[in-house]
Amino acid sequence: MTKLLDIKGLTKRFGPITAVDDVSFSVDRGEVLGFLGPNGAGKSTTMKIVTGFLAPTEGSVEVCGHDVEREPLAIKRRIGYLPEGAPLYGDMTPMALLNFVCDVRRLSAADAKRGIEYAIEKLHIDNVLYQPIETLSKGYKRRVGLAQAIVHDPDVLILDEPTDGLDPNQKHEVRELLTEMAGKKAVIISTHILEEVEAVCSRAIIIAKGKLVADQDPLSLQARSQLHNAVGIRLPVEHVAACTEVLDALPEVRRVQKSVEAAGVVELLAVAANGSEILVQVRSAIDAKGIQVNEIFVERGRLEDVFRDLTFEVEGLKARETDAGEAAHA
Ligand SMILES: Nc1ncnc2c1ncn2[C@@H]1O[C@H](COP(=O)(O)OP(=O)(O)OP(=O)(O)O)[C@@H](O)[C@H]1O
Ligand SMILES: [Mg+2]
């Protein structure tokens with residue numbers, strides 16, 4: 001079956017800069033793909049090529065089986081795009097913009113009416129419909145941008161930092177909207193908010209300096225964290241020394257991290273030697289010494305750590321000091 005989006009060997013050079021470097025991936029209906037990477041990694045450039053706003057230097061993009069460069073009109077109706085920032089037509093009102101994009105995408109009057117009502121309701125823009133876009137707040141500009149991206153019910157949705165600048169309530173609503181639309185579309189969202197990936201994405205791609213460095217579901221990606229399966233222990237400060245000694249003596253424990261103290265309670269984190277499950281061993285060792293603890297929990301890992309590990313090296317940055325000397329990845 002044809003993938004809704006199929007990217008092959010995509011490369012984009014701007015003079016001496018290679019912004020996108022031989023990137024290939026495809027996205028199926030039902031997938032919400034988180035597109036991650038440091039500033040300047042090539043996310044927006046990739047999205048501009050996918051949506052036909054930039055031509056690739058090499059490689060190809062197909063949307064619903066249509067080549068983006070050769071058949072630009074065929075993809076207009078099938079793709080929705082929220083560009084980075086808010087480069088909308090400032091002098092238009094949101095209502096005029098929504099009507100305009102429905103015209104450009106050749107929607108019937110009935111589909112346009114339905115789509116516009118849906119978009120207005122979902123993005124809560126009914127109170128600003130007749131105010132010039134340039135006079136709207138940043139968050140409202142973003143909402144209008146999202147509304148024009150979904151108004152024609154596209155199969156493929158490309159959203160460049162969709163929740164940037166939104167208030168927490170609206171962030172939550174946009175995430176719910178993405179989840180609601182997820183089953184029926186192929187969605188790509190670029191974001192720097194890693195919790196967003198955990199909350200809405202079924203898959204995550206990380207790029208660094210234009211190169212694809214990871215392509216996995218968020219849980220598997222998280223499992224590559226050095227803290228995957230680490231056991232966290234909250235306990236009163238007076239038991240910390242005894243507990244640390246017990247943990248240090250366990251061969252399954254690589255190291256013990258101690259974190260901020262609050263109200264006489266300390267959190268220790270026993271990092272698993274090779275990411276394996278160590279809860280049973282930790283718990284019985286603590287019990288055997290009769291150490292009283294408030295809470296024990298297992299860490300799934302932190303996406304932020306994985307992101308940093310995977311991108312630091314490519315970016316030519318110094319290795320993370322906290323992990324110096326540790327064997328890095330699973
Ligand atoms: N029109 C252009 N001319 C020259 N260089 C460009 C152009 N557009 C992008 N670049 C360069 O391409 C690289 C990738 O930029 P891009 O905007 O795709 O990054 P990004 O991953 O979206 O970053 P951010 O997280 O900051 O939005 C950067 O080095 C950028 O300076
Ligand atoms: Mg960008």
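1. Start with the shell around ligand 1, where helix H1 supplies the largest share, 3 residues. This is a predicted model, so read everything below as a description of a prediction. Strand S2 (17–27) and helix H1 (43–50) each bring at least two residues to that shell. The full surround of ligand 1 is Phe14, Ile17, Ala19, Gly37, Asn39, Gly40, Ala41, Gly42, Lys43, Ser44, Thr45 and Glu84. Sorted by class, the shell has 4 nonpolar, 6 polar and 2 charged residues.

2. Now H1 itself. Is this helix enclosed or open? It is largely enclosed by the rest of the structure, because 8 of its 8 residues are buried. Those buried residues are Lys43, Ser44, Thr45, Thr46, Met47, Lys48, Ile49 and Val50. Lys43, Ser44 and Thr45 also belong to the surround of ligand 1. If you follow the chain past the helix, you come to glycine 52 just after H1, with a positive phi of about 85°.

3. Valine 20 is a good place to look at how S2 and H1 relate. Valine 20 sits in strand S2, and it counts as buried because it has 28 C-beta neighbours inside 10 Å, with 20 or more being the cut-off. Setting aside residues up to four places away in sequence, valine 20 touches Leu10, Thr11, Lys12, Gly42, Thr45, Thr46 and Gly210. Valine 20 and threonine 46 are 26 residues apart along the chain, yet 6.8 Å separates their C-alpha atoms. Two of the residues that valine 20 touches, Gly42 and Thr45, are also found around ligand 1.

4. Stay in S2 for a backbone oddity. Aspartate 22 lies in this strand, and its phi is near 55°, a positive value in a residue other than glycine. Aspartate 22 counts as partly exposed because 14 other C-beta atoms lie within 10 Å. Valine 20, in strand S2 as well, is buried.

5. Phenylalanine 35 gives another view of H1. Its place is in strand S3 (residues 32–36), and phenylalanine 35 counts as buried because it has 26 C-beta neighbours inside 10 Å. Which residues does phenylalanine 35 contact, leaving aside its neighbours within four places in sequence? They are Lys43, Ile188, Ile189, Ser190 and Ile205. Lys43 is one of the buried residues of H1 and one of the residues surrounding ligand 1. Methionine 47 is 12 residues from phenylalanine 35 in sequence, and their C-alpha atoms are 9.7 Å apart in space.

6. Next, a helix pair. The axes of H4 (residues 109–123) and H5 (residues 138–150) come within 9 Å and cross at roughly 145°. The crossing of H4 and H5 is right-handed. On the H4 side, Ala119, Ile120 and Leu123 do the meeting; across from them in H5 are Arg143, Leu146, Ala147 and Ile150. The contact of H4 with H5 has 6 nonpolar residues, no polar ones and 1 charged. It's worth having the helix geometry in mind when you look at those lists: an α-helix has 3.6 residues a turn, so residues three or four places apart point the same way.

7. Follow the chain on from H5 and you reach a second aspartate to check. Aspartate 153 is in the loop between H5 and strand S7 (156–160). Although it is not a glycine, aspartate 153 has a positive phi of about 50°. Aspartate 153 counts as partly exposed because it has 18 C-beta neighbours inside 10 Å. For a long-range marker, take aspartate 153 and glutamine 281: they are 128 residues apart along the chain, and their C-alpha atoms are separated by 52 Å.

8. Finally, step back to the whole protein. There are two domains, domain 1 (5–222) and domain 2 (231–298), and their centres, taken over C-alpha atoms, are separated by 44 Å. The secondary structure comes to 11 helices and 14 strands. Taken along the principal axes, the C-alpha atoms fill a box of roughly 75 × 45 × 35 Å. Of the 330 residues in the protein, 39% are buried. As for contacts between residues at least 6 apart in sequence, 70% join residues at least 24 apart.

Terms used:
Residues numbered from 1 in each chain as written. Chains lettered and ligands numbered in written order. Predicted model: local features only at pLDDT ≥ 70, side-chain atom pairs only at ≥ 80, totals over all residues. Near = placed C-beta within 6 Å. Helix = DSSP H or I, 4+ residues; strand = E, 2+ residues; numbered from the N terminus. Nonpolar A, V, L, I, M, F, W, Y, C, P; charged D, E, K, R; others polar. Axes fitted to C-alpha atoms, helices over the stretch in contact; angles between N-to-C directions. Left-handed = near helix turned anticlockwise from the far one by under 90°. Contact = placed C-beta atoms within 7 Å. Buried ≥ 20, exposed ≤ 12 C-beta atoms within 10 Å, placed from the backbone. Domains from an automatic or database assignment.
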